[in-house]
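Visitor: Could you take me on a close look at one spot in this model, and then show me how its surroundings are put together? I'd be glad of the reasoning along the way.

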Amino acid sequence: MLSSSHLHLSSSPFRPYSRTKPHPIRAEGTASTRSRKKRPARKPRDPAAAAEEAEVVRQLLRRTNGGNETIISVLNKNVKVVRTEHCFLLFEELGKRDGWLQCLEVFRWMQRQRWYMADNGIFSKLISVMGKKGQIRMAMWLFSQMRNSGCRPDTSVYNSLITAHLHSRDKTKALSKSLGYFEKMKSLERCQPNIVTYNILLRAFAQASDFAQVETLFKDLESSGITPDVYTFNGVMDAFGKNGMLREMEGVLVRMKGNNLKPDVITFNTLIDAYGKKQVFDKMEQVFKSLLKSKQPPSLPTFHCMITNYAKARQREKAEMVFTRMECLGFKPSNVTYDCLITMYGYCDCVSRAREVFDEMLENSEKEIQVSTLNAMLDAYCNNGLPSEANELLNDVIKRGIVMPNSSTYKLLYKAYTRAGRKDLLDILLKKMDQQGIVPNKKFFLDALETFGSSGSTRNGEKFRREKDNSQDYSKDNVKSSRENNNSNASQENRRFIREKDNSNASRDNAKFFRGKDNSNASQDNAKFIRGKDNSNASQDNAKFSRGSGYLKAPWVDLVKQ
């Protein structure tokens, strides 16, 4: 596993990189970094050249997939071929694979090459990758690194910095920081906010349900002279729609009409998904009919949204009709389509049909099984009370080498096995995770604990918490024992220690339990409280639905007629 030591940084990974000595491969007479000229503006790339660069990057990454070679060793062997454009694509691909440490390694490698020139585009891309992976400190370090290298921040860099902060967990602080950068951009001549800046902020505040700030940003956008585009309204509508705020979403659609903008397929998909999630199927179907009548052809995500939303409502026949309609319109099912079908049959208690779809994909040589497809099938088994079948499928997939499960697969199964009380399957699952090198973290167990909190199972929740502690100790001790090359002795000592710890904790818990006289009454009160909480949530949802019955009547119809 990569660590900060691979980056050849000093004591702190955030210390700016400084080049105190000239690189040995720099020729005499070559300008130093301080006297370096600015990089000229990038010209539009030739499609053939772009395709060639993408193929080079695919070959580089393919050589690192086996784990035998690191990305740096591969780059050193191809140093005569790799240039800035290839590194830019590497950042993008590594970012998709959660390889942010590898991105920093590639960046360090770039800085040692004679052709390297500090460029705002490179820093902007790196800041964006770090932000998406929650590495805010790294994003800030790159921002300072950029300024130390002589680059002056521009609008794109600040946009990436704002986006990075919005990926942090503390949303209140992130929104405050974003507004601070927004105001700072206004005071800098070469960093004035553009339409991308407004789109980022509008979507973020819509997701936070801050209607006042959304309205303020719209007014500021109008006064700035920048014309909003269809992406502006699509982003805000999508944020409102995912929060279930249909009235606000339709208000943005009316505002979009007032700006003489016609909806595109993303607009229609946003409306379909929002109405489907709230199970307002009459309006969802009306939007779909309007899409078919418009000049905008539907896309695969259109059908995926409808199939998924019908599935959650257990309406199997309508979901199958949508799939049939999709094939009649000439669309070829993708991997995501099959994932939706498997999920739909799982929701509708048709596990055998879901397995038929899964087996059809295995037999189809053109379709490569993805982890998401495996997760969908495992989830279908678990939701229908078939954890043993899920375990058999996992063993078969691993044995045949069809696809390698990841942490999301194990988290899904961990929740299902604990819900079913299958400790035997839990032990097997933890051993597989250990063999694959996947160490469960704190979030892994907290997500699983939420399953018990929502179901109100106090006894199972306490049991699961003890299993959580044992599993964490077991995983940590296994890692230590593997480093010391004493797996057998250490595992025996760890098991003995865990049993002693469990016995002592259990004796304390039992003593507390027997001393308590009102445990049964307390558990009844807890059950009443949980039911009361569910009823209050249901009443709130009903109140929202009753208020939502006065939604604006089909504003998209007028847009289509234009």
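Guide: Let's go to Asn-260, which is exposed in this predicted model, with a relative accessible area of 68%. That value is over the 50% cut-off, so Asn-260 counts as exposed rather than partly exposed. Its place is in the loop that runs between helix H12 (246–258) and helix H13 (265–277). What makes Asn-260 worth a stop is its backbone: phi is positive, at about 60 degrees, although the residue is not a glycine. Most residues other than glycine have a negative phi.

Asn-260 has a counterpart in Ser-209, which is not a glycine either and has a positive phi of about 60 degrees. Ser-209 sits in the loop between helix H9 (195–207) and helix H10 (211–224). With a relative accessible area of 26%, Ser-209 is partly exposed, while Asn-260 is exposed.

Both loops join helices, which fits the chain as a whole: there are 27 helices and zero strands. Of its 562 residues, 41% are buried. Among contacts with a separation of 6 or more, 66% are between residues 24 or more positions apart.

From the loops we can move on to the helices, and H18 is a good one to follow. Helix H18 covers residues 351–363, 13 in number, and reaches 18 Å from its first C-alpha to its last, close to the 18 Å expected at 1.5 Å a residue. The buried residues of H18 are Val-351, Ala-354, Val-357, Phe-358 and Met-361. They cover an arc of only 120 degrees around the axis, which puts them on the same side of H18. The spacing makes sense: an α-helix has 3.6 residues a turn, so residues three or four places apart point the same way. On the other side of H18, Ser-352 and Glu-363 are exposed.

What lies over that buried side? The cover includes helix H17 (335–347), helix H19 (371–383) and helix H20 (387–400). Two of these helices, H17 and H19, also pack against each other, at an angle of about 5 degrees and with their axes 8 Å apart. H17 and H19 are therefore roughly parallel to each other, as the angle is under 35 degrees. At this interface Asn-335, Asp-339, Ile-342, Thr-343 and Gly-346 in H17 meet Ser-372, Thr-373, Ala-376, Met-377 and Ala-380 in H19.

For a contrasting arrangement, turn to helix H4 (residues 100–111) and helix H5 (residues 120–132). These two pack at an angle of about 160 degrees, with their axes 10 Å apart. H4 and H5 are therefore roughly antiparallel to each other, and H4 passes H5 in a left-handed crossing. On the H4 side the residues that meet H5 are Trp-100, Cys-103, Leu-104, Phe-107 and Met-110. Their partners in H5 are Ile-122, Phe-123, Leu-126, Val-129 and Met-130.

One last stop is Trp-141, in helix H6 (residues 136–148). Trp-141 counts as buried, at 4% relative accessibility. Its C-alpha atom is separated by 9.0 Å from that of Ile-127, 14 residues away along the chain. So the tour that began at Asn-260, exposed at 68%, ends at Trp-141, buried at 4%.

Terms used
Residues numbered from 1 in each chain as written. Predicted model: local features only at pLDDT ≥ 70, side-chain atom pairs only at ≥ 80, totals over all residues. Heavy atoms only, no water. Helix = DSSP H or I, 4+ residues; strand = E, 2+ residues; numbered from the N terminus. Expected span 1.5 Å × (residues − 1). Buried < 20%, exposed > 50% of the residue type's maximum accessible area, 1.4 Å probe, protein only. Arc of directions from axis to C-beta. Contact = heavy atoms within 4.5 Å. Axes fitted to C-alpha atoms, helices over the stretch in contact; angles between N-to-C directions. Parallel < 35°, antiparallel > 145°, perpendicular 65-115°, else oblique. Left-handed = near helix turned anticlockwise from the far one by under 90°.
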